[in-house]
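Please take a moment with the sequence and the model that follow. The paragraphs after them begin with the ligand and its surroundings, and then turn to a pair of rings.

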Amino acid sequence: MNGFTGESIAVRVRGVLSNIRAAAEKSGRDPSRVQLIAATKTVSVERIREGVDAGLSLLGENRVQEALPKIEALARTQVRWHFIGQLQRRKVRSIIGLFHLIHSVDSVELAHEIDRRAGEAGLVQEVLLEVNVGGESTKAGFRPDDLVHLVATMAPLTHLRIKGLMAIPPPTVEAESARPYFIQIRELAQAVAAETIPGVMMDELSMGMSNDYAVAVEEGATLVRVGSAIFGARHV
Ligand SMILES: *Cc1c(COP(=O)(O)O)cnc(C)c1O
């Protein structure tokens, strides 16, 4: 049970927030520049509500079908939703306007589709570009080597605003082993920022999950996506 049996969601939320603060301070960063996104896949609306009552304000969902009823059920709260899972092009139309930030733009084609649908809806969708830092063939994302060039091709899309990068490093047992990947993501964002491409910002780095979010914060994460450390182990 992840060592959390018996602890309430409220206690875990407070624990994660205090770890984030400590990690930011340890590395000389401003803690207010790091936001906690609670990853709510497989978590019931009742348990999400417990988390919201305990102070969660940003929620991340992976699947469109699972997200839509939860967004509706929590419509009266102040939460903002982020889309963090792999997004199929044919699903884009059904989520435009519902998510404050899409973390997982992993191809130029997907970027174009989001731009097109956001344009139809008359809004600008904020996104992050997902980078495949580990070079894993099973994982989505842009190859680091292609990124600078491809960002320039997406920059002119007027209904898409690129805010930064997201990555899911290969799973490691020790959180410390993920550090080189987090450094690589930060340096990649710096390389893109150095190109000063009009309309492209590299202000946000979405990296770090339950196992390694503290290390990610030390290395510059501005958005951490934490699920099981808040809601307990997933059973599916
Ligand atoms: C599930 C998920 C998380 C959270 O994972 P935990 O290990 O439970 O913290 C973060 N990011 C993405 C994209 C996820 O799918």
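**The ligand and its surroundings**

Sorted by class, the residues that form the shell around the ligand are five nonpolar, four polar and three charged. This is a predicted model, and in it the shell consists of Ala39, Lys41, Asn62, Ile84, Ile168, Met209, Ser210, Arg225, Val226, Gly227, Ser228 and Arg234.

Some of these residues approach the ligand with polar side-chain atoms. In the side chain of Lys41, an N or O atom is 2.7 Å from an oxygen atom of the ligand, while Arg234 places a polar side-chain atom 2.8 Å from an oxygen atom of the ligand. For Arg225, the partner is a nitrogen atom of the ligand, which is 2.9 Å from an N or O atom in that side chain. Of the 390 Å² that the ligand exposes when taken alone, the protein buries 89%. The space that the ligand takes up is, moreover, the largest pocket.

The aromatic rings offer another view of the structure. How many aromatic pairs does the count come to? The count comes to one aromatic pair, formed by Phe83 and Phe99, whose rings meet edge-to-face with 5.3 Å from centre to centre and 85° between the planes. Phe83 belongs to strand E3, which covers residues 80-83, whereas Phe99 lies in the loop between helix H4 (92-95) and strand E4 (101-105). With the two positions 16 residues apart in the numbering, the pair links distant parts of the chain.

Notes. Residues numbered from 1 in each chain as written. Predicted model: local features only at pLDDT ≥ 70, side-chain atom pairs only at ≥ 80, totals over all residues. Heavy atoms only, no water. Near = heavy atom within 4 Å. Polar contact = N/O pair within 3.5 Å; in protein donor to acceptor, adjacent residues only side chain to side chain. Areas by Shrake-Rupley, 256 points an atom, 1.4 Å probe, with all protein chains shown as cover. 1 Å grid on protein atoms, 1.4 Å probe; cavity = no way out; pocket = protein on both sides within 12 Å on 5 of 7 lines; lining within 4 Å. Sits in = over half its atoms within 2 Å of the grid points. Nonpolar A, V, L, I, M, F, W, Y, C, P; charged D, E, K, R; others polar. Phe/Tyr/Trp six-rings, centres within 6.5 Å; stacked < 30°, edge-to-face > 60°. Helix = DSSP H or I, 4+ residues; strand = E, 2+ residues; numbered from the N terminus.
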